[in-house]
Amino acid sequence: MANRNLLNLESVSKAFDIRPLLDAVSLGINEGQRIGIVGRNGGGKSTLLNVMAGLEAPDAGRVSVAGGVTVGILNQIDSAGVGASVRDVVLGTLDDHEWASSSTVREVLTGLFGGFDDHLLDRQFSTLSGGERRRVNLAKLLVGGYDLLLLDEPTNHLDVEGVAWLAAYIKSQNKLSVVVITHDRWFLDEVSEETWEVVDGKVLTYEGGYSAYVLSKAERARQISVEDQKRNMLIRKELAWLRRGAPARTAKPKFRIEAANTLIANEPPPRNENELLNFAANRLGNTVYELHQVSTELGGKKLLDGAYWNVGPGARIGIVGVNGSGKTTLIRTLLGEVKPTAGKVVVGVTVKSAFLSQHLEELDPAWRVLEAVEKVANRVQLGNGKELSASQLCEKLGFNTDSQWTPVGDLSGGERRRLQLTRLLMDSPNVLLLDEPTNDFDVETLTALEDLLDSFGGTLLVISHDRYFLERVCDTFVGLLGDGELRDLPGGIEQYLELRARSIKNSGPSKDRSAKPSILELKALKKEVARLEREIARVDEKISALEASQTDVAFDHQKLADVMKELAEAHSLKSELEDGWLQASDKVEESNN
């Protein structure tokens, strides 16, 4: 029996100013269908979702929803009523006994937050960070009993483990229909049975997830005359990556292996690893970073305990771990920004590092994009004789000739992040440390960044929740599981998830009661949670005051730089406090099970 039709678009058009985002688009969504949407930022993906949800009216055409069908949307706007708590947003008016008896509610809250104690549910929505708000709104949708979910970047602010959980949960809901916009290509591969590409006002459809989309697009390019050679080269890079084994690491590839092998058999590797290693050794010598029995603490919690680690020239290492386990602290320890409580950090004398943090660098809003890049350098050496001008590097990272003259003050958050990365690369570092570099990047920009990193002849350390990106640019992995150890992961991210699952099982309700905290310890934990909440509130006040003071010192560059430095430190402190709060809350929750 065919699945029922839920929603239809009939010749729908929508324009922004004079630019058509949707041009006579006709599509349908059936029960149980799972669709991924890809396309450039600003190309109409979110507009398509908003039109389907009825949040924006089409300029022409019609959107029809079948009778009785309920539609929920997760978009880029997080909102709740004044004074609303997490409980109010997610559970509404349900009594405790009603939601506590629901396996769905318990599964969702545990999957997204690690539990469902009162400390979590009673927090005010307005005090949450952006990432926490997204999780709360996502939880609200998943427990809402909708027939169709429209999800705009649902994996933002989820770690690798959270993304894996969300994919497994969606796949387990056989009748649930999902349309998802995401730059997380692993998630697209895992969840989607069909891919829609929004381009030039049209929506092109492909069977399967992201890998199938890449292969189909390559096949189309082979059958027709392709004028855009740069775009075709990026597709070839993706094919080369698939040749390295990505299909084999996917549990259920969405394309025929025979067809894939035929397409990618003659593609070269995405990068010449031996060549890059030789070049890196010449630039860096034998020593980059070494940890000798290093221990670090933050807020009284030990993050590293006697760690040994050697990072060599040309190493490309992905760092994964639970929230609050110390991933960012590990990088800041290597950079000398965090002093170890024990042990020694050795840094090679030739190391010239560049660190892309999660906090945006403040630039003169009157500068043009190209001007901001050329203030660092006019040309950059990537390695093995490969050189790019500032304008060429800008174009590589999504700033075309016209947008290079855009004032910095007019850039979006994602564009500012791209600019920050461009400026770092222009300084010709030989060690690149990236903390969540893929936030706010569309898929095409991500493939361009990966293409660029393929030529980077230095050492690369990456923290990211984007599993596809990690596996694409990194050759080895290390993991932090919150127990102070730094583990080598020869089995990659799959091994990390297995270790995490085993760790959670061993610390779950079936664990020996003697391992649970005592009444006094539990009381201390609850005090710690309350203390951290007060500290977070104080830091929030400080951030607000600093942000307000920027206007007063806008014309004094030294004072503005001091304020921006203090603001970055406050944001960093808040992030660490929130990680500590999550850890303490998890322990309280474990004791309640």
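## A helix across the sheet

Let's start with helix 14 (residues 327-334), which lies across strand 12, strand 14, strand 17 (431-435), strand 18 (459-463), strand 19 and strand 20. Its direction makes an angle of about 140° with strand 12. Keep in mind that this is a predicted model.

## The sheet itself

Those strands form an open sheet of 6 strands, in the order 14-17-18-12-19-20 and with mixed pairing. Strand 14 (353-356) and strand 20 (486-488) sit at the edges; each has a single partner strand, so one side of each has no neighbour in the sheet. From one strand to the next, the twist averages 20°.

Which way do strand 12 (residues 316-321) and strand 19 (residues 476-480) run relative to each other, parallel or antiparallel? They run parallel, joined by 5 bridges. Val 320, for instance, has Gly 479 of strand 19 as its bridge partner.

## Two helices side by side

Over to helix 4 (residues 103-113) and helix 6 (residues 130-142): they pack at an angle of about 160°, and their axes are 10 Å apart. Angles over 145 degrees count as roughly antiparallel, so that is how helix 4 and helix 6 are arranged. Their crossing is right-handed.

Helix 4 makes the contact with Thr 104, Val 108, Leu 112 and Phe 113, while helix 6 brings Arg 135, Val 136, Leu 138, Ala 139 and Leu 142. Sorted by class, that's 7 nonpolar, 1 polar and 1 charged residues.

## A tucked-in helix

Helix 1 (residues 45-53) is largely enclosed by the rest of the structure, because 7 of its 9 residues are buried. Among them are Leu 48, Leu 49, Val 51 and Met 52. Just after helix 1 comes Gly 54, with a positive phi of about 80°.

Definitions and conventions: Residues are numbered from 1 along each chain as its sequence is written. This is a predicted model: local features need pLDDT of at least 70, side-chain atom pairs count only at pLDDT 80 or more; totals for chains, interfaces and linings use all residues. Side-chain values use heavy atoms; hydrogens and water are left out. Buried means under 20% relative accessible area, exposed over 50%, partly exposed in between (1.4 Å probe, protein chains only). Helices (H or I, at least four residues) and strands (E, at least two) are DSSP runs, numbered from the N terminus. Axes are lines fitted to C-alpha atoms, for helices over the stretch in contact, and angles run from 0 to 180 degrees between N-to-C directions. Angles under 35 degrees count as roughly parallel, over 145 as roughly antiparallel, 65 to 115 as roughly perpendicular and the rest as oblique. A crossing is left-handed if the near helix is turned anticlockwise from the far one by less than a right angle, and right-handed if clockwise. Contact means heavy atoms within 4.5 Å. Ala, Val, Leu, Ile, Met, Phe, Trp, Tyr, Cys and Pro count as nonpolar, Asp, Glu, Lys and Arg as charged, and the others, Gly among them, as polar. Two strands pair if DSSP finds at least two bridges between them.
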